[in-house]
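Me: Got a model open here and I'd like to talk it through. Can you take my questions as they come?

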Amino acid sequence: MNTDTKRFEEIHYDLAYHGESSDIHTQIIETISRLPKKVAKFAVENCCFISVGEAIYGIALPGRIGTKNTNLRRTTRNAWIIVLSENCNEKDIHSIIAHEIAHAWRKDDRLARPPEDCEIQTANLTRDWGFTGCGSDADYCNSF
Ligand SMILES: [Zn+2]
């Protein structure tokens, strides 16, 4: 078994994905396998991925919104829910997934008040990780 296949299987085993798209599931695994090692570990351990049809491109939300009991807040302090569209094109999807992982990595809480330049910083970080596509394009990401 080659190292890529082994890495994919390890990520597949540990990944939290809730959704019905096997394409997105595979694309999340491919994206995580391309991240710097410490970011990949963070993504597998702290992020829960959800895909929701074709409603939005993606957003990273703090994990506390997924818990009923506010006493659980401590355990969700660095947990993230990453919501992904099932309608992204092939050339952009990995950069969009990496972009949302980057928001979580940076702890951009978009239910509160994230830094004003967070879209630019997040797109640049995604580009630094080696991704190309709209998720790594600062001008594009800052235009929303
Ligand atoms: Zn963003």
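Me: What phi does Gly130 take, just after H5?
Reply: A positive one, about 100°. Keep in mind that this is a predicted model, where local features need pLDDT of at least 70, side-chain atom pairs count only at pLDDT 80 or more, and totals for chains, interfaces and linings use all residues. Residues are numbered from 1 along each chain as its sequence is written.

Me: And which residues of H5 are buried?
Reply: In H5 (residues 118-128), they are Glu119, Thr122, Ala123 and Thr126. Buried means 20 or more other C-beta atoms within 10 Å of a residue's own, exposed means 12 or fewer, and partly exposed is in between, with C-beta atoms placed from the backbone. Helices (H or I, at least four residues) and strands (E, at least two) are DSSP runs, numbered from the N terminus.

Me: Where do they sit around the helix?
Reply: Down the axis of H5, the buried residues fall within an arc of 100°, so they line one face. That arc is taken from the directions from the helix axis to the C-beta atoms.

Me: What covers them?
Reply: The cover includes H4 and helix H6 (138-141). Contact here means C-beta atoms, placed from the backbone, within 7 Å.

Me: Switching to the sheet. What's the strand order?
Reply: S1-S2-S4-S3, an open sheet of 4 strands with mixed pairing. Two strands pair if DSSP finds at least two bridges between them. S1 (16-18) and S3 (58-62) are at the edges with a single partner strand each, so one side of each has no neighbour in the sheet.

Me: How does S3 run against S4, parallel or antiparallel?
Reply: Antiparallel, with 5 bridges joining S3 to S4 (residues 80-84). Leu61 stands opposite Ile81 in S4.

Me: What lies across those strands?
Reply: H4 (residues 90-106) lies across S2 (47-51), S3 and S4, at about 20° to S3. Axes are lines fitted to C-alpha atoms, for helices over the stretch in contact, and angles run from 0 to 180 degrees between N-to-C directions.

Me: Is Glu86 buried or exposed?
Reply: Partly exposed, with 15 other C-beta atoms within 10 Å. Glu86 lies in the loop between S4 and H4. Leaving out residues up to four places away in sequence, Glu86 touches Ser21, Ile24, Ser51, Gly53 and Glu54.

Me: Last one, how do H1 and H2 cross?
Reply: The axes of H1 (residues 3-14) and H2 (residues 22-34) come within 9 Å and cross at roughly 115°. Arg7, Phe8, Ile11 and His12 in H1 meet Ile29, Ile32 and Ser33 in H2.

Notes
Contact = placed C-beta atoms within 7 Å.
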